[in-house]
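The following exercises concern strand pairing within a chain and the relation between two copies. Each task is followed by a solution in steps.

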Number of protein chains: 2
Amino acid sequence: MIQPWTTESSTTLVADEWLTLRADTCRTEEGRVVEPYYVIEAPTWVSVLALTPDRRAVLVDEYRHGAGVVGLGLPGGVMDPEDPSPMDAAARELREETGYVPGQIVEVGRGWANWASHSNEVVYFLATDCVRVGEPDDGEELEVVLHDLDAVLRGGMLQQSFHQANLHLALERMRA
Amino acid sequence: MIQPWTTESSTTLVADEWLTLRADTCRTEEGRVVEPYYVIEAPTWVSVLALTPDRRAVLVDEYRHGAGVVGLGLPGGVMDPEDPSPMDAAARELREETGYVPGQIVEVGRGWANWASHSNEVVYFLATDCVRVGEPDDGEELEVVLHDLDAVLRGGMLQQSFHQANLHLALERMRA
């Protein structure tokens, strides 16, 4: 039976609005000391496959500075302390980034952002019957792009790993 | 047309065997300054859905200190400079972590680890006709667990986001 490590001490290296990074000293069950083990503490993230009534996916084209690429992704982001639930966060991000609101929205799964290094989960949603009620918020530096769902599937269009997971879990839900 | 940002300066905050973290000062096309923007530079990661001839998935149960959980995942890890290709890295990680070697192995897709914060991709593989040739390497603190592929799918067994993506892209390949 695999046992969790014990954290013997922990030092915060960065703690600002953008990043919380700590370095832990851990001990395994066998007594091996692991240090430094870096952990990024992050709030829950959300992403959403948002479909219009005619089965087009509402995507955002945006510059992604970690990878250094411009790429199409699902709407989503970080859950705020003010969001009552991950679902509210997903609907808020969808509205802010795209100007669309969902007819229905349902959670289709969860995954760890990266369980080796991050403390947080990503919660995946499927939003259907989405309609456009306005523009993306000021300050959103992105373009809203609609693609037929079949083209999203065929084209390997989504390059962000947890968007790929969200897409497939949403499809499973639609088929069920 | 969305344009990349320009990186005006960059400071390395951590650079050791475990983490390379930099803080960039960036300028958007509209002239807005973004700082600090933290980026983790990482080598390519690999993961592999490894199946035995009787369609059981070879999984690893391991403690994941970022999330603080023990969980079942796909074999995989970080590509070494000595690995000739991501595929070689995946086969090596499979052998080291599980003692299994593949009959066939094929790349089924790629995804950014996290394009907002990380520089690297995860390369996904499907390995079939895997056979056990030995034990996991000394130092691997994990348990090898086999589950019928159908149970992996039914159970929502995989909790790591890019393992979920790997699983579904491998299934698509198997169906095609």
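**Exercise 1: Strand pairing in chain A**

In S3(A), A:Val33 is the bridge partner of A:Arg27. The model is a predicted one.

Task: Determine in which sense S2(A) and strand S3 of chain A pair, and over how many bridges.

Solution. Step 1: S3 comprises residues 33–40 of chain A, and its pairing with S2(A) is antiparallel, over six bridges. Step 2: These two strands form a hairpin with five residues between them, in which A:Gly31 adopts a positive phi near 95°.

Task: Establish how S2(A) is joined to strand S1 of chain A.

Solution. Step 1: S1 spans residues 6–15, runs antiparallel to S2(A) and is joined to that strand by eight bridges. Step 2: One pair of bridge partners is A:Thr7 and, in S2(A), A:Cys26. Step 3: S1(A) and S2(A) also make a hairpin, here with four residues between the strands.

Task: State how many residues of strand S2 of chain A are buried.

Solution. Taking buried as under 20% relative accessible area, six of the eight residues in S2 (residues 20–27) of chain A are buried, and the strand is mostly covered.

**Exercise 2: Relation of the two copies**

Task: Identify the operation that lays chain A on chain B.

Solution. Step 1: A turn of 180° with a shift of 0.0 Å along the axis superposes chain A on chain B with an RMSD of 0.0 Å. Step 2: The two copies are therefore related as by a two-fold rotation axis. Step 3: Within chain A, A:Ala165 has the C-alpha nearest the axis, at 2.2 Å. Step 4: Both copies use the same surface, since 100% of the contact residues of chain A recur in chain B.

Technical notes: Residues numbered from 1 in each chain as written. Chains lettered and ligands numbered in written order. Predicted model: local features only at pLDDT ≥ 70, side-chain atom pairs only at ≥ 80, totals over all residues. Heavy atoms only, no water. Least-squares fit on C-alpha atoms with pLDDT ≥ 70 in both. Contact = heavy atoms within 4.5 Å. Buried < 20%, exposed > 50% of the residue type's maximum accessible area, 1.4 Å probe, protein only. Pairing = 2+ DSSP bridges.
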